[in-house]
Amino acid sequence: IDAKLLVLDEPTLGLDILYRKKFYQQLLGDFFDEQRTILITTHQVEEIEHLLTDLIFLQRGQITLNMDMDTFAATYTEVEVSKEMLIQARALNPILEQAKLGGASMLFENRSHNELAALGRVGRASVADLFVAKMS
């Protein structure tokens, strides 16, 4: 395919995990370069998150989020919070809280790493968790 834009809608639906991984490896190897764009619509964001350069969320036909992945990484942070620190963490208004054994996983927007490190283990936010937070 010698197209400048390749649009794929749920391209791995029905494939098992081995073939999904092979599909994306083959796609990137055969198609992608700096002169071409691949637009993928999928509910399986966990499997393509590492491939993304830009992120767009749509809700009822309207764009609700549009950013590049560098901005995403700088804006959103996940923190594993122990039950002893839940009150302090909730005071910082997480945009998503998910119960975990012994505490919670919380997603924060525009908070400093130092501020969040006092609450627990700081990690990289996932696109799937951001989707849940923004679409709920």
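A polar contact is taken here as a pair of N or O atoms within 3.5 Å, of which, within protein, one must be able to donate a hydrogen and the other to accept it. In the predicted model described here, the side chain of Arg-36 meets this criterion, because it reaches the backbone oxygen of Phe-31 at 3.0 Å. Arg-36 is situated in the loop that runs between α1 and β2, the latter spanning residues 37-41, and with a relative accessible area of 18% it is buried, since that value falls under 20%. A salt bridge is also formed by Arg-36, its partner being Asp-33, with the closest N and O atoms 3.8 Å apart. Asp-33, in contrast to the buried Arg-36, is partly exposed, at 31% relative accessibility.

The overall architecture comprises six helices and eight strands, which follow one another along the sequence in the pattern β-α-β-α-β-β-α-β-α-β-β-α-β-α. Taken along the principal axes, the box filled by the C-alpha atoms has dimensions of roughly 55 × 30 × 30 Å. The protein has 136 residues, of which 34% count as buried, and its accessible surface comes to about 9,000 Å², with 53% of this area belonging to carbon and sulfur atoms. When contacts between residues at least 6 apart in sequence are considered, 58% of them join residues at least 24 apart.

The interior was examined next. In soluble globular proteins, nonpolar side chains tend to be buried together. The largest nonpolar core of the model has 16 residues, and those with the most contacts inside it are Leu-55, Phe-72, Tyr-76 and Leu-130. Two or more residues are given to this core by each of the strands β3 (54-59) and β4 (62-68) and the helices α3 (69-75) and α6 (127-135), with α6 giving the most, namely five residues. The surroundings of Leu-55 illustrate how these segments meet: residues up to four places away in sequence being left aside, Leu-55 touches Leu-65, Asn-66, Met-67, Met-69, Phe-72, Val-127 and Leu-130. A second core, separate from the one just described, has 10 residues, among them Val-79, Leu-86, Leu-92 and Leu-116.

Charged pairs were considered in turn. Side chains of opposite charge can pair when their charged atoms come close. The structure holds six salt bridges, one of which is formed by Arg-20 and Glu-47, with their closest N and O atoms 2.5 Å apart. This pair links distant parts of the chain, given that Arg-20 belongs to helix α1 and Glu-47 to helix α2 (residues 45-48), the two being 27 residues apart. Arg-20 is partly exposed, with a relative accessible area of 22%, whereas Glu-47, at 17%, is buried.

Another of these bridges involves Glu-49 and Arg-124, the closest N and O atoms being 3.0 Å apart. Here, too, distant parts of the chain are linked, as Glu-49 is in the loop between α2 and β3 and Arg-124 is in strand β8 (residues 120-124), 75 residues apart. Glu-49 is buried, its relative accessible area being 10%, but Arg-124 counts as exposed, at 54% relative accessibility.

At the surface, a nonpolar patch of about 420 Å² is made by Leu-15, Ile-17, Leu-18 and Tyr-19. Of these residues, Leu-15 is found in the loop between β1 (5-9) and α1, where its relative accessible area of 34% makes it partly exposed. Helix α1, which spans residues 17-30, also contains Asp-30. The relative accessible area of Asp-30 is 56%, and this residue is therefore exposed, the threshold being over 50%. A polar contact joins the side chain of Asp-30 to the side chain of Gln-26, at 2.6 Å.

Backbone conformation, finally, shows positive phi values in residues other than glycine. Phi of Glu-10 is near 45 degrees, and that of Asn-110 is about 55 degrees. Glu-10 is located in the loop between β1 and α1 and counts as buried, at 18% relative accessibility. Asn-110 is located in the loop between β7 (103-109) and α5 (113-117) and counts as exposed, at 58% relative accessibility.

How values were computed. Residues numbered from 1 in each chain as written. Predicted model: local features only at pLDDT ≥ 70, side-chain atom pairs only at ≥ 80, totals over all residues. Heavy atoms only, no water. Helix = DSSP H or I, 4+ residues; strand = E, 2+ residues; numbered from the N terminus. Buried < 20%, exposed > 50% of the residue type's maximum accessible area, 1.4 Å probe, protein only. Patch = residues over 30% accessible without salt bridge, like charges linked within 9 Å, V, L, I, M, F, W, Y side chains within 5 Å. Areas by Shrake-Rupley, 256 points an atom, 1.4 Å probe, with all protein chains shown as cover. Salt bridge = Lys/Arg side-chain N within 4 Å of Asp/Glu carboxyl O. Core = buried A, V, L, I, M, F, W, Y, C linked by side-chain atoms within 4.5 Å. Contact = heavy atoms within 4.5 Å.
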